[in-house]
Amino acid sequence: MTDQTTPEIELSEAQASEFWTGKRKQRFWRSIQAILIVLAAFVMLVPIIWIFLASFKSHVEVYQLRLFFTPTLENYGTVFEEPYNLGAKLYNSTIVAFVTVAFAIPIATMAAYSFSRFRLKFETTILVVILATQFVPAVVIILPFFIMFRDLGLLDTRIGLIMVNLAIVMPFAIWMIKGFIDGIPMDTEEAAMVDGSSRLQVIKNIVLPMAAPGLVTASIFCFILAWNEFLFALFLTNRDAVTLPIGLALFRGEEGDLWNLLSAAGIIIMAPMFVLALAIRKYFVQGMTMGAVR
Amino acid sequence: MAEIRLKNLTKRWGDFIGVDDQSLDIHDEEFLVLLGPSGCGKTTTMRMIAGLEDPTAGEIWIGDRMVNDDLPKDRDVAMVFQNYGLYPHMTIYDNIAYPLKVRGTPKADIKPRVERAAEQVELTEFLHRKPKALSGGQRQRVALARAIVRTPKVFLMDEPLSNLDAKLRVTMRAELKHLSRALQITTVYVTHDQIEAMTLADRVAVMRHGIIQQLGTPDDIYNDPANMFVAGFIGSPAMNLINGSVQSGMFITTGGTKLVGIGGPDRESAILGVRADDMSVHDAGEGDIDVTIYAFENTGESTLLTVQWGKQRVIARGDRHLRKEQDDVVGIKLNPDHLYLFDPESGDRIRMGGA
Ligand SMILES: Nc1ncnc2c1ncn2[C@@H]1O[C@H](COP(=O)(O)OP(=O)(O)O)[C@@H](O)[C@H]1O
Ligand SMILES: [Mg+2]
């Protein structure tokens, strides 16, 4: 058996199938996977990159697919000037999104805690109905909202928008946070009660800290929903309470779409998302997986 | 410092009865063990004492106060949970300090008391860690330290050792015993492990299907079981229960062997209980009965002989130097002072005349 010649490379059928099992097969699928991920990322990032570049181009350069151009910050100035006045819209969006989150998370947390820890009458029904409200197409309920808001004098106000956004984000927030609270062992809470805590102290000292990743996740999620909300803002505002997504529409002028300005505004809309994502990436992943694994 | 009195305590979920109309007085400073198989209502009983479960009926008294309507925090008890119930987001120090902090103990008092409790369970070097970074035994000691950092009226412990490996369990058992003697606080301890019950308890309450079968000292329940369930549950190996009848004062096995004189009236059917330790092994012909060895086991500290006894198999304990083979014939002698007779229908103990 010391024969040094190369063995014949003729695989039998069984050997050939062997070839495709085990490590080799695994490595093959891994590379396919990697390629697909890169591809998906590319598809998702291309428009963003395009917008990013366009926001630094002049109106003329936008339509030239050149990688090299003299970048200008002019667009970022223009969008804040008359007639676009993006500053006011940025202010509206910020207020609406923050206040929505500030109200939604505490209320949703209380609701989620009750759903998770107390057995209520018609509990499942209520939970399903809460979620079901989200399956109603927004266009269907915009008209009643419009009429109601007109009668209440809430049209074109930030308070009105905040209320609408609360209605949008609360169901998601409740369901999400309930998932996290469900994951906190009952033992831990009971131990705290025996140790001398009232129910409120249990929530403050035990539940909230343990659910923190979940609360952060839910907050971001709600913020994004409120920040990007378009349809209701389109119908329920026209001047004073206009938000950023609606503001984008301003750049469709008679002279055509002002892509360079649109892009700058787009980047301004996206910027907080990127900053948020970076700042709390760790929490977010932890939160997402915690909710999922449970 | 308090006694606990349970008066006609019942817990029902729909039709299912968890604890069935039980009354129990636990003395001040007593270490009482609730012992029974899984699902017999031990935890439920304990949770009702802690206030984590509302009784369906009955009263719970701690000291001279009926606590039925008190919240857990107002009952002044400390509990060790089966899964420890530690606070994963707090350090060990904060875990142990929590009962003090939440009850508004002055800041200056907290540190020395936490450190003393940690010292008592040998956790001092881990105080800055989080529970996740501790082993099972260490976590168990954190739960214990959190309980002893205060001086509550009552300790409640729900199978605190059951998540530990066998060796650690023996060590921790001794530590628990030492600690409880030092602290002298009324303790209710739940376990399904009869050795824990025997070694730790001042008194044991043996439970089954939500009913206390017998309440007594470890000696009582071992040597004077109230019924067949207690007899079979306590002791390792389990007590041998032999089917037969009583005729003119003799116990006769179902197989027809005249076994031993026990006195009393004739009975068509009866069950004789005898522990492995109360049977002595002799050469063939020298015992009450000759039997064939079905299996011979050497455990090191003694030998166990499973012998074929008519249609039944019975376990006898032999001297640790005894050496026998399967299928050997030996003589077995029963210790007449430690025989128990039970009614096969009800399982109740039949007290033998004279014994
Ligand atoms: N919340 C509950 N709802 C319905 N049945 C329960 C509940 N808690 C416990 N039980 C039942 O009550 C019985 C006693 O439980 P438990 O006291 O936990 O037993 P153990 O003696 O093992 O500690 C079990 O059969 C259990 O299934
Ligand atoms: Mg239990």
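In the predicted model, 15 residues of chain A are in contact with 17 residues of chain B. On the chain A side of this interface, helices α8 (186-194) and α9 (199-228) each supply at least two residues. The greatest contribution to that side comes from α8(A), with 6 residues. Sorted by class, the side of chain A that touches chain B comprises 7 nonpolar, 5 polar and 3 charged residues.

Helix α9(A), which takes part in the interface with chain B, also packs against α4(A) within its own chain. The two helices meet at an angle of about 140 degrees, and their axes are 9 Å apart. This angle makes α4(A) oblique to α9(A), and the crossing of the pair is right-handed. From α4(A), the contact draws on Ser93(A), Val96(A), Ala97(A), Thr100(A), Val101(A), Ala104(A), Ile105(A), Ala108(A), Thr109(A) and Tyr113(A). The residues contributed by α9(A) are Ile203(A), Val207(A), Leu215(A), Ala218(A), Ser219(A), Cys222(A), Phe223(A), Ala226(A) and Trp227(A). By class, this helix-helix contact contains 15 nonpolar and 4 polar residues, with no charged residues.

Chain A is assigned two domains, domain 1 (13-54) and domain 2 (75-293). Their C-alpha centres lie 35 Å apart. A cis peptide bond is found in chain A between Glu82(A) and Pro83(A), where omega is near 0 degrees. Pro83(A) is placed in the loop that lies between α3 (74-78) and α4 (86-117) of chain A.

The domain assignment of chain B likewise gives two parts, domain 1 (4-233) and domain 2 (240-350). A distance of 38 Å separates the C-alpha centres of these domains of chain B. Contacts between them involve 7 residues of domain 1 of chain B and 8 residues of domain 2 of chain B. On the domain 1 side, the contacting residues are 5 nonpolar and 2 polar, and no charged residues are present. Chain B also has a cis peptide bond, joining Ser236(B) and Pro237(B), with omega about 0 degrees. Pro237(B) is located in the loop between α8 (228-233) and β11 (240-247) of chain B.

Ligand 1 is surrounded by residues of chain B, namely Trp13(B), Phe16(B), Gly18(B), Gly36(B), Ser38(B), Gly39(B), Cys40(B), Gly41(B), Lys42(B), Thr43(B) and Thr44(B). Two elements of chain B, β2 (16-26) and α1 (42-50), each supply at least two residues of this shell. The largest share comes from α1(B), which provides 3 residues. In terms of class, the shell around ligand 1 consists of 3 nonpolar, 7 polar and 1 charged residues.

A further helix pair in chain B is formed by α2 (residues 92-102) and α3 (residues 107-120), which pack at an angle of about 125 degrees with their axes 10 Å apart. The helices α2(B) and α3(B) are therefore oblique to each other. Their crossing is right-handed. On α2(B), the contact is made by Tyr93(B), Ile96(B), Ala97(B), Leu100(B) and Lys101(B). These residues meet Ile110(B), Arg113(B), Val114(B), Ala117(B) and Ala118(B) of α3(B). The contact of α2(B) with α3(B) contains 8 nonpolar and 2 charged residues, and no polar residues.

The loop between β6 (77-80) and α2 of chain B holds Tyr84(B). Phi of Tyr84(B) is near 75 degrees, a positive value in a residue other than glycine. Most residues other than glycine have a negative phi, and most peptide bonds are trans. Against this background, the backbone features noted in the model are the positive phi of Tyr84(B), the cis bond from Glu82(A) to Pro83(A) and the cis bond between Ser236(B) and Pro237(B).

How values were computed. Residues are numbered from 1 along each chain as its sequence is written. Chains are lettered from A and ligands numbered from 1 in the order in which they are written. This is a predicted model: local features need pLDDT of at least 70, side-chain atom pairs count only at pLDDT 80 or more; totals for chains, interfaces and linings use all residues. Domain bounds come from an automatic or database domain assignment. Two residues are in contact if their C-beta atoms, placed from the backbone, lie within 7 Å. Ala, Val, Leu, Ile, Met, Phe, Trp, Tyr, Cys and Pro count as nonpolar, Asp, Glu, Lys and Arg as charged, and the others, Gly among them, as polar. A residue is near a molecule or strand if its C-beta atom, placed from the backbone, lies within 6 Å of it. Helices (H or I, at least four residues) and strands (E, at least two) are DSSP runs, numbered from the N terminus. Axes are lines fitted to C-alpha atoms, for helices over the stretch in contact, and angles run from 0 to 180 degrees between N-to-C directions. Angles under 35 degrees count as roughly parallel, over 145 as roughly antiparallel, 65 to 115 as roughly perpendicular and the rest as oblique. A crossing is left-handed if the near helix is turned anticlockwise from the far one by less than a right angle, and right-handed if clockwise.
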